[in-house]
Amino acid sequence: MRISHELLGEVVGHALEDPGNEVCGLVAVAGEERAATRVYRARNVHASPMKFEIDPKELLDLHNAIEDEGWELGAIYHSHVRSAPYPSQTDVNFAASWPGVEWIIVGLAPGAEPEVRSYLIEDGTIQEVPISASNG
């Protein structure tokens, strides 16, 4: 996925606003190059450091808003508040419902700078994919 430094900063900034709980949201993309167009924050219904879930109605509303703009859902993002940005088994299980959607994870390990990585998770297989951050 191609994403501007500004939009990537929005994702990281969201994670840093509540470093004690996982935050989550969606990233819309457009075009064949799958360039990120907008970040949509969501509410973690669990307000938990261990898991995230977007209310199904909010998820549907956000997905519809993305499609109304003529974009696609490119990624679901969330933070890991105490670990490296690598998908948990919960993430792998959740990803089964979202084939082709990237999973951007912001790792907020104690004492470390935020680390952002992205993955495609299909049929239980985790494959890291590059995030191409750009100035525009």
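Setting aside neighbours within four places in sequence, Ser79 is in contact with Ala15, Asn21, Glu22, Val23, Val106 and Leu108. These contacts come from a predicted model, and they make a convenient place to begin a short tour of the chain. Ser79 sits in strand S4, which covers residues 72-80. Its relative accessible area is 0%, and since buried means under 20%, the residue is classed as buried. One of the contact partners, Val23, also takes part in a polar contact: the side chain of Ser79 reaches the backbone nitrogen of Val23 at 3.0 Å.

From this buried serine, attention turns to the charged residues. Side chains of opposite charge can pair when their charged atoms come close. The model contains 5 salt bridges, and among them is the pair formed by Glu17 and Arg41, whose closest N and O atoms are 2.8 Å apart. This pair links distant parts of the chain, with Glu17 in helix H1 (residues 5-17) and Arg41 in strand S3 (residues 35-42), 24 residues apart. Glu17 counts as exposed because its relative accessibility is 56%, and the class begins over 50%. Arg41, with a relative accessible area of 42%, is partly exposed.

Strand S4, already introduced as the home of Ser79, returns with a second salt bridge. Here Glu72 pairs with Arg34, and the closest N and O atoms lie 3.8 Å apart. Distant parts of the chain are again linked: Glu72 belongs to strand S4, whereas Arg34 lies in the loop between strand S2 (24-30) and S3, 38 residues apart. Both partners fall into the partly exposed class, Glu72 with a relative accessible area of 47% and Arg34 with 24%.

A further salt bridge joins the side chains of Arg117 and Glu128, at 2.8 Å from N to O. Arg117 is found in strand S6 (residues 115-122) and Glu128 in strand S7 (residues 125-129); the two are 11 residues apart, and the pair is another that links distant parts of the chain. Arg117 is partly exposed, with 31% relative accessibility, and Glu128 is likewise partly exposed, with a relative accessible area of 41%. The picture here extends beyond two residues, as Glu115, Arg117 and Glu128 are linked in a network of salt bridges.

Key: Residues are numbered from 1 along each chain as its sequence is written. This is a predicted model: local features need pLDDT of at least 70, side-chain atom pairs count only at pLDDT 80 or more; totals for chains, interfaces and linings use all residues. Side-chain values use heavy atoms; hydrogens and water are left out. Helices (H or I, at least four residues) and strands (E, at least two) are DSSP runs, numbered from the N terminus. Buried means under 20% relative accessible area, exposed over 50%, partly exposed in between (1.4 Å probe, protein chains only). A polar contact is a pair of N or O atoms within 3.5 Å; within protein, one must be able to donate a hydrogen and the other to accept it, and residues adjacent in sequence count only if both atoms are side-chain atoms. Contact means heavy atoms within 4.5 Å. A salt bridge is a side-chain nitrogen of Lys or Arg within 4 Å of a carboxyl oxygen of Asp or Glu.
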